[in-house]
Amino acid sequence: MGRTLYKEKIANYLNRDQKTEELGFDNSRLSYIPEYFSSYVEQERIPNFVCLVSRFGEVAHYSHQGFKNTESKEEINNETIFRIYSMTKPITSVAIMMLYERGLIRLEHELYRYLPEFKNTEVWETGDINNFKTKPLNNPILIRDLLTHTAGFTYDFMLGHPAIGLYRKNGLHDYKNIETKEEMDLEEFCNKLSTLPLLFEPGEKWHYSCSIDILGRVVEVVSGMKLDAFFRENIFNPLEMFDTGFYVEKDKLDRFSDCYQTVLGSKKKNMTLSHVAGNDEFSKSRNFLSGGGGLCSTISDYANFCQMLLNKGIFNGNRILSPTTIDFMTQNHLPNNNTLQDMGDSSFSETRFDGAGFGLGFSVIIDQVRSAMPASVGSFSWGGMASTFFWIDPKEELFSILLTQLIPSGRYPIRPQAQTLVYAAINSLNKKN
């Protein structure tokens, strides 16, 4: 199961070498997926849409529609490259756990053991961004706090706390040195971040943050390799994810989709072009290797990664992680089995809060009813800023990936809509014969 690369599987599917009914699906219901989302494309709410559904290691559904650029009308295909933004986070989390398996990292270790600059990081007490007071931490930042977004860091685009403004004030919103205007590397980023106060005591709340970027730097320090080199040698090459990287190489730019933006909450449906393929930060070599949101990828590359997770760490004959480690990562690691709703602060997240806990790199369904979604308990997922998304349902032995290029990710409910359509197409809950 799962020993053929998804580039070949998708090509076979497109040639109508498919076994949808054998995989426990109603093919007519699966075919409704592209029909449903065609209205989004036709009304120019999203520029394009790709959907892959895999079960028992085989492609049950694949479809793509729309354009790399809505004006040129150049159509996308199964080899189009997308900015996956925060779908980078699970890959970085896997890298951390690879080092964990080698005994080079402990989850209960203090962050400052690996990055000493965080030894004196403090927590916000009072004030505003121009005049504030901090205090020492009662508890140090732990590696597991970073993996679970409970360390007290944030993003510049979050709301609800005065300390958030310090990120933009110090150049952490665009990763540029405020004096030289040059792009930071991970070392400089962490040095600057360590001087800013946390929003809260580590372990106290769940708050979406740049903590996975910090873990990218931990990977570099512990492994002695740049993050892109570590990914390439330990994850991308074994999984044959050859179109995945922190920038799109020149000879692949003709496959790179433009990215669009709309205003969250606006009644206007029109998109504006925000990132032009060949002329944005993802189109050239970078200093800042964002483990939290820096990768570009294709549907087949990311499918290889998802199948590895579903296969408990093994794919195409290559073992990335132990099955016991995958099981450990996909449990709820929030204290007292709390949900994101219990521990979150109602700020932005790439997933719903109700019924979901958080593991080591993914949100995890712990209450199916509260999640208002038929995804099985134990299903895990994450998404990206340009409305990309994946989820893996181990009980049903399926995963699905959605790719498009529209910022922000919450503009339309395409994620729950796609999940509803996929589960509605299941005929059989039994194992494949």
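This passage describes the strand pairing and helix packing of a predicted model.

The eight-stranded sheet is open, and its strands follow one another in the order β3-β2-β1-β16-β15-β14-β13-β12. Pairing within this sheet is antiparallel. The edges are formed by β3 (74-75) and β12 (356-358), each of which pairs on one side only. At the β12 edge, three bridges connect β12 with strand β13 (residues 363-365), and these two strands run antiparallel. Gly 357 has Val 364 of β13 as its bridge partner.

On its other side, β13 pairs with β14 over two bridges, again in the antiparallel sense. Here Ser 363 is matched with Ser 381 of β14. Strand β14 (residues 380-383) directs Phe 380 and Trp 382 one way and Ser 381 and Gly 383 the other way. In a regular strand, side chains alternate between the two faces of the sheet. The four residues Phe 380, Ser 381, Trp 382 and Gly 383 are all buried. Ser 381, the bridge partner of Ser 363, is thus described both by its pairing and by its burial.

Strand β14 is also joined to β15 (residues 389-393), by four bridges, and the two run antiparallel. Phe 380 has Ile 392 as its bridge partner in β15. β14 and β15 form a hairpin with five residues between the strands. Within this hairpin, Ser 387 adopts a positive phi near 75 degrees.

Helix α1 (residues 6-14) lies across three strands of the eight-stranded sheet, namely β1 (48-55), β2 (58-69) and β16 (398-403). The helix runs at about 90 degrees to β2.

Another open sheet consists of three strands in the order β8-β7-β17, with mixed pairing. Its edges are β8 (272-275) and β17 (406-407); each has a single partner strand, so one side of each lacks a neighbour in the sheet. Strand β7 (residues 259-261) is joined to β17 by two bridges, and the pair runs parallel. In this pair, Gln 261 stands opposite Ile 407 of β17.

Two helix pairs were also examined. Packed helices are described by the angle between their axes and the distance between the axes. For helix α3 (residues 32-42) and helix α14 (residues 414-424), the axes come within 10 Å and cross at roughly 160 degrees. An angle over 145 degrees counts as roughly antiparallel, and α3 and α14 are therefore roughly antiparallel to each other. The crossing of α3 past α14 is right-handed. From α3, the contact involves Tyr 32, Ile 33, Tyr 36, Phe 37 and Tyr 40, which meet Ile 414, Gln 417, Ala 418, Leu 421 and Val 422 of α14. Nine of the residues in this contact are nonpolar and one is polar, with none charged.

For helix α4 (residues 89-101) and helix α10 (residues 299-310), the axes come within 12 Å and cross at roughly 50 degrees. The two helices are therefore oblique to each other, and their crossing is left-handed. On the α4 side, Pro 90, Ile 91 and Val 94 meet Tyr 302, Phe 305, Met 308 and Leu 309 of α10. The residues of this contact comprise seven nonpolar, no polar and no charged.

Note on methods
Residues are numbered from 1 along each chain as its sequence is written. This is a predicted model: local features need pLDDT of at least 70, side-chain atom pairs count only at pLDDT 80 or more; totals for chains, interfaces and linings use all residues. Side-chain values use heavy atoms; hydrogens and water are left out. Axes are lines fitted to C-alpha atoms, for helices over the stretch in contact, and angles run from 0 to 180 degrees between N-to-C directions. Angles under 35 degrees count as roughly parallel, over 145 as roughly antiparallel, 65 to 115 as roughly perpendicular and the rest as oblique. A crossing is left-handed if the near helix is turned anticlockwise from the far one by less than a right angle, and right-handed if clockwise. Contact means heavy atoms within 4.5 Å. Ala, Val, Leu, Ile, Met, Phe, Trp, Tyr, Cys and Pro count as nonpolar, Asp, Glu, Lys and Arg as charged, and the others, Gly among them, as polar. Two strands pair if DSSP finds at least two bridges between them. Buried means under 20% relative accessible area, exposed over 50%, partly exposed in between (1.4 Å probe, protein chains only).
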